[in-house]
Amino acid sequence: MPYTTSSDGVRIHYEVHGSGDSVLLIMGLGSNAYGWYRTIPWLSERYEAIAFDNRGTGRSGVPEGAYSIAQMAADAAAVLDAAGHDSAHVVGASLGGMIAQRFALLYPQRLRSLVLVCTTPGGPHAVRTSDEVMAALVQGGEDPSTVYRRNAWFLYGDDTRTNHPERIEEDIEYRSKIPTSPTGYFGQIQAAMSHDTWDELPSLTAPTLVVHGDADLLVPTGNGTLLAKCIPGAELVLVPGAGHMLQTDAGNVVCHAVSGFLARVAQPQR
């Protein structure tokens, strides 16, 4: 298994699938590279998909204390270095989308394009989740799989919960391969709470796609609309009926939107 070391000494695990233009995948809160199990199969058919475990999760180091989004963006840059690339298309989901925004701002020369999935600009302008969702998000006390099932009401759309509960169980299976410790989980939550790119987003110049479910209760849909308005020239795709777990609720729609976008920006018309 390949590893690299971030600028502050944290060991980061990463993996590479397929070949072609490089696409760096940044996963969300409490998840790791396994969280891309629905994405990597179709993405790696045409691209080199680089996935990694954020600090605090999976096979990467779990430092004590609060993390910052800038630290986690530096982790992503270290992975890109280790994979041998000066630049990449960057796809970030949820917390990973916050990290992707900071990566884009800190390392603009390394960004070929940006895909922001179910994420937020953060700060006082963001559309806040409900107190009920926030309370459920930080509540523990049971095994992670039980907590995840209990929280499915704000993670998934109605169709998945009603008609495709097996998809939720598949997600739990992959999340359970390497459970995230409380130290890593709350370190990441503190990073997410400090995230705010509102004033900086208009400076982004890379081609950008924003994808958001219109039934997202964890990161309310208005955040996707805000991102698309703040980033010059950004495209916005709102997915009907989809909740926060877009790849599970509407994998085909996400695949079509992201693969179409990458095809346009990776191979521009002459």
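Visitor: How many of the five residues of β3 are buried?
Guide: The model is predicted, and β3 is covered on both faces. Ser22, Leu24 and Ile26 are buried on one side, and Val23 and Leu25 are buried on the other. In a regular strand the side chains alternate between the two faces of the sheet. β3 is therefore largely enclosed by the rest of the structure, and its count of buried residues is five of the five.

Visitor: Which residue of β5 stands opposite Leu25?
Guide: Strand β3 (residues 22-26) and β5 run parallel and are joined by four bridges. Within this pairing, Leu24 stands opposite Val90. The residue of β5 opposite Leu25 is Val91.

Visitor: Which residue of β4 stands opposite Val23?
Guide: β3 also pairs with strand β4 (residues 48-52), in the parallel sense and over four bridges. Opposite Val23, the residue in β4 is Ala49.

Visitor: Which strands stand at the edges, each with a single partner strand?
Guide: The open sheet has eight strands in the order β1-β2-β4-β3-β5-β6-β7-β8, with mixed pairing. A strand with a single partner has one side left without a neighbour in the sheet, so the edges are formed by β1 (3-5) and β8 (235-239).

Visitor: What does the twist average from one strand to the next?
Guide: The sheet in question is the open one of eight strands. From one strand to the next, its twist averages 20 degrees.

Visitor: What is the handedness of the β-α-β unit made by β5, helix α3 and β6?
Guide: Strands β5 (residues 88-93) and β6 pair in the parallel sense over six bridges, with Ala88 opposite Leu111. Helix α3 (residues 95-106) completes the unit with these two strands. The handedness of this β-α-β unit is right-handed.

Visitor: Which residue of β7 stands opposite Val117?
Guide: Strand β6 (residues 111-117) is mostly covered, with six of its seven residues buried. β6 pairs with strand β7 (residues 208-213) in the parallel sense over four bridges. Opposite Val117 in β7 stands Val211.

Visitor: What distance separates the C-alpha atoms of Gly122 and His195?
Guide: Gly122 lies in the loop between β6 and α4 (131-138). At 6% relative accessibility, Gly122 counts as buried. Gly122 and His195 are 73 residues apart along the chain, and their C-alpha atoms are separated by 5.3 Å.

Visitor: How far apart are the end C-alpha atoms of helix α12?
Guide: Helix α12 (residues 251-266) has 16 residues. At 1.5 Å a residue, the helix should span 22 Å. The separation of its end C-alpha atoms agrees with this, at 21 Å.

Visitor: What arc around the axis do the buried residues of α12 cover?
Guide: In α12, Val254, Ala257, Val258, Phe261, Leu262 and Ala266 are buried. These residues are on the same side of α12, because the arc they cover around the axis is only 140 degrees. On the other side of α12, Asn252 and His256 are exposed. The arc of the buried residues is thus 140 degrees.

Visitor: How many disulfides does the count give?
Guide: A disulfide requires cysteine sulfur atoms within 2.5 Å, and by this rule the count comes to zero. For Cys230, the nearest cysteine sulfur, that of Cys118, is 18 Å away. For Cys255, the nearest cysteine sulfur is also that of Cys118, 16 Å away. The number of disulfides is therefore, under the 2.5 Å cut-off, zero.

Terms used:
Residues numbered from 1 in each chain as written. Predicted model: local features only at pLDDT ≥ 70, side-chain atom pairs only at ≥ 80, totals over all residues. Heavy atoms only, no water. Expected span 1.5 Å × (residues − 1). Buried < 20%, exposed > 50% of the residue type's maximum accessible area, 1.4 Å probe, protein only. Arc of directions from axis to C-beta. Pairing = 2+ DSSP bridges. Right-handed = clockwise from strand over helix to strand, strands pointing away. Axes fitted to C-alpha atoms, helices over the stretch in contact; angles between N-to-C directions.
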